[in-house]
Amino acid sequence: MLYTGTDWNFSILRNCFHAIEEIAHNELGLETFPNRIEVITSEQMLDVYTSHGMPISYPHWSAGKRFVGHENSYKRGLMGLAYEVVINSSPCISYLMEENTATMQALVIAHAAFGHNHFFRNNRLFREWTDPTQILNYLEFARSYIAKCEERHGIRAVERILDAAHALQGQGVDRHTGNKRLDLKHESDRARERRAYEDSQYNDLWRTLPDRETDAGDVNSSDTPIGGLPEENILYFLEKNAPRLEPWEREIIRIVRLTAQYFYPQPQVKVMNEGCATWTHNVIMHRLHRKGLIDDAAIMEAIHSTTNVITQRGFDEGGGPGFNPYALGLAMMNDIARMCENPTEEDRAWFPDFAGNGDPLGTLKHAWAEYRDESFIQQFLSPKVIRDLRLFRLTDDAAQPYLLVDAIHNEAGYRDIRRSVAASYDPGSLAEEIEIVGVDLSGDRVLKLEHRTRPGHLLHATDARLTLGHLAELWGYGVALKEIDSQNGKELASYHAA
Amino acid sequence: MDIIDRRPNPHGKNTENRRRVLARARDAVQSAVRTAVAQGRIRDSAQGNTVSIPADVLHEPSFHRTFEQGVRQFVLPGNREFIPGDRLRRPPGGAGGQGGGEGDASAEGGGEDSYRFILSRDEFLDLFFDDLELPDLVRREIAVATTTANQRAGLSSEGSPSQVDLGRTMRHSIARRIGLKRPKPERLREIEAEIEELEAKKPLLPEAYERLQLLRDERSALSQRLGRIPWVDPVDLRYRRFTPTPKPTTQAVMFCIMDVSGSMTEKMKELGKQFFLLLHVFLERRYEKLDIVFIRHAETAEEVDEETFFTDPRTGGTVVSTALELMIDIQKARYPVSQWNIYAAQASDGDNIASDTPIVASQMAERILPIIQYFAYIEVAGSGAIIRNDSDLWRCYRGLAETHAQLAIRQVRDRREIFPVFRDLFARREAEQLRGA
């Protein structure tokens, strides 16, 4: 027996970890990054929330805003805190709350340190987009670099760049041109070298020269065209081409861009990631119980808490209209495992590839490694899960005074529903297609952007105007954004900022 | 695998970020703070407070789409009765789900329309007084009367019997008794009982006799020892010690005097209230205990509570000296100068019965100004006299103000002027002091 009752101490934690590791590695064959478990208080958990789960962050007022928000709702009892937070890094850091019972600590170790960890290490998106061995160093570098900039140039000057760069964070990722996994180590070295070079070249005499009157003949002389347009990565474009930015300002934009890129995969695999972790902890807790390592009370508590997490409320039962990623994820994982071992006729017809193959673990691991939410749902959402969750589809035609139910959980509706659920997780259809299409360097230097969309799916006007203002701030000259109907090229709306 | 206990790590990681967000939203928070003060009663205004500011001040914009027209589809869980073709009424406030149209970005900025800060009392007042630049200015201005008070200062081995610290004394006594091996009285009683028993036996056996001798020796030794080692010795005694320490008087009283005669309109009273409020909040910062006395006057003066002071209308002529007289009486009865810092603020339209003005002048010069820390007189606009700068009271006070630094007089026409005037009152004094220095 690993422990009894609810109290835990560090040796219990250690023993639980080893028992769970035994199951995860040897019985389930999970591959994980090395683990680091950190025990934190609720106040520290609020800090972790504030920095998106990252242990290190540079100071910015927006973090204070999130902190105050979380703190208020926590103190007023509107929000509970998570039992754990896990970071995609190597070593993989799991934060455990000190208030957890012994069972909860075991459960979240299984959930985070093995479930999520396996997913981080194996899922294609994370493998391609993130460099978990370097992220902590890079964040450390980012923080010290920004602190140094604040020292040299003042908080206001740094905040101006950060505010603007944050606004454009969503447009800081190369979605379509493919991504080379970032070499973050190289990144911080690069900046260090550059700074050392600057310092070695620094001569106070230059400061005494009178300012030049014009910007003409600047880095981007007027007849050098900017190549590579159209460009969807606005932050990248600014970092490379904005005529008026100082080198340190470009570096800050780069920091924001690379951080945004690091977080890019996370929302695309939320359902799978949570499904994977929940399925894993569920299996591990039951095996611990079967081996006699935890008592009946503990497994009851584990089941109870899992059930709380995976509750999917109906659309009319409050709790928001969306899906609970834990619920959908676990339901699908469980269903895949079931189909591998006890398929029905229906399953065989829908999933001839793996129904009845007798290898649930292999099938799941393949899914965890190769898919993201959208493709995973498209491939694996089964009629049974659709029936269990009693899904139905609404068509919202703004021209009609009503919403139309056009598919339910029946033979005719399965495929429609599956397609729609998958589409709602499709980053391609969720993200705005905004591109820099041109700039006239010899003329007024106005940066031209286009948003390709459909009528009725326009940008939020106020926000677009504000964001464009930030963009103009970085670009240094005027900026114009046109919203274009992607079907017929008609202009739907336009914004200017100077 | 490592397990690290992070709990002892330094806390307050986000203090800096919190400070920054406050700084960023300063204007908005400041106006929210001012509103909170303006709405609250004087008493409540300076407690720790929750202020709400409009969310757009801290809004982080981004490009994101909204769904306005066209067609979208989304899937919801929990169908109970719907079949294809059912038509549902559109729920109020847009469509029932966010399935297709909106990205993650909207969830962050969209929903909240206000943002709540819980400010500590100091933060609250800092923001409130911020643009007045007062705190540093006036810290030097407010004279702090000091008194001495007895303060506990540990223990001493001598003192008056009434200050014996019984617990300490007994602790020492026990330690000493154990240390010196003082015999227990019970042991003595046991021996005596045994001796008595032995003595009662008539034919005394030799062993018993020896035993008796032994016990008698022990008894005399014990009782000697018991006599020599007292139960409580003077060395055990401990007394609570007090030392007189100078203590700044942390209490102040603030007299709010307002003219409620017929010539004062509601608007003018409101101006007065604003000023009283400011002074109160300001003094509240400085003193642990702050009393407020509300005196209103027309032909006669009376002390009233806050509610009545601000709301209950009264009419009549104006005799200012009655209010000052009442103030002096109350001060004498309840607020001796040795223990209280005394402040007064007077709001009036400047009217006074001509015959009363010399009385006021002598009251002020002889009885009020010598004992007061600060007397602020606010003349609120309304009568033509203020334009000509020669209302009865104004003329009277102007002469006094030239010779008494603790009397400050100002005219206020509009609500907007209250803050500047308040600052001006204190700033002027500093300037004067600088000139004097």
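These are some notes on how chains A and B meet in this predicted model.

1. Some ground rules. Residues count from 1 along each chain as written, chains are lettered from A and ligands numbered from 1 in written order, and side-chain values use heavy atoms, without hydrogens or water. Since the model is predicted, local features need pLDDT of at least 70 and side-chain atom pairs 80 or more, while totals for chains, interfaces and linings use all residues.

2. How much is shared? The contact (heavy atoms within 4.5 Å) takes in 95 residues of chain A and 61 residues of chain B. Together the chains bury about 7400 Å², 55% of it on carbon and sulfur atoms; that is accessible area, taken with a 1.4 Å probe, lost on being put together and summed over both parts.

3. There are 7 salt bridges between the chains, counted when a Lys or Arg side-chain nitrogen lies within 4 Å of an Asp or Glu carboxyl oxygen. One of them pairs A:Asp163 with B:Arg24, with the closest N and O atoms 2.7 Å apart. On the side of chain A that touches chain B, helix H3 (residues 61-75) gives the largest share, 11 residues; helices here are DSSP H or I runs of at least four residues, and strands are E runs of at least two.

4. A sheet spans both chains: 4 strands, open and mixed, ordered S2(A)-S3(A)-S1(A)-S1(B). Pairing takes at least two DSSP bridges. Strand S1 of chain A (residues 35-40) runs parallel to S1(B) through 4 bridges, with A:Glu38 opposite B:Ile4.

5. Elsewhere, S5 of chain A (residues 402-407) and S4 of chain B (residues 87-89) run antiparallel, joined by 3 bridges. There, A:Leu404 has B:Arg87 as its bridge partner.

Methods
Buried area = accessible area lost by both parts, 1.4 Å probe.
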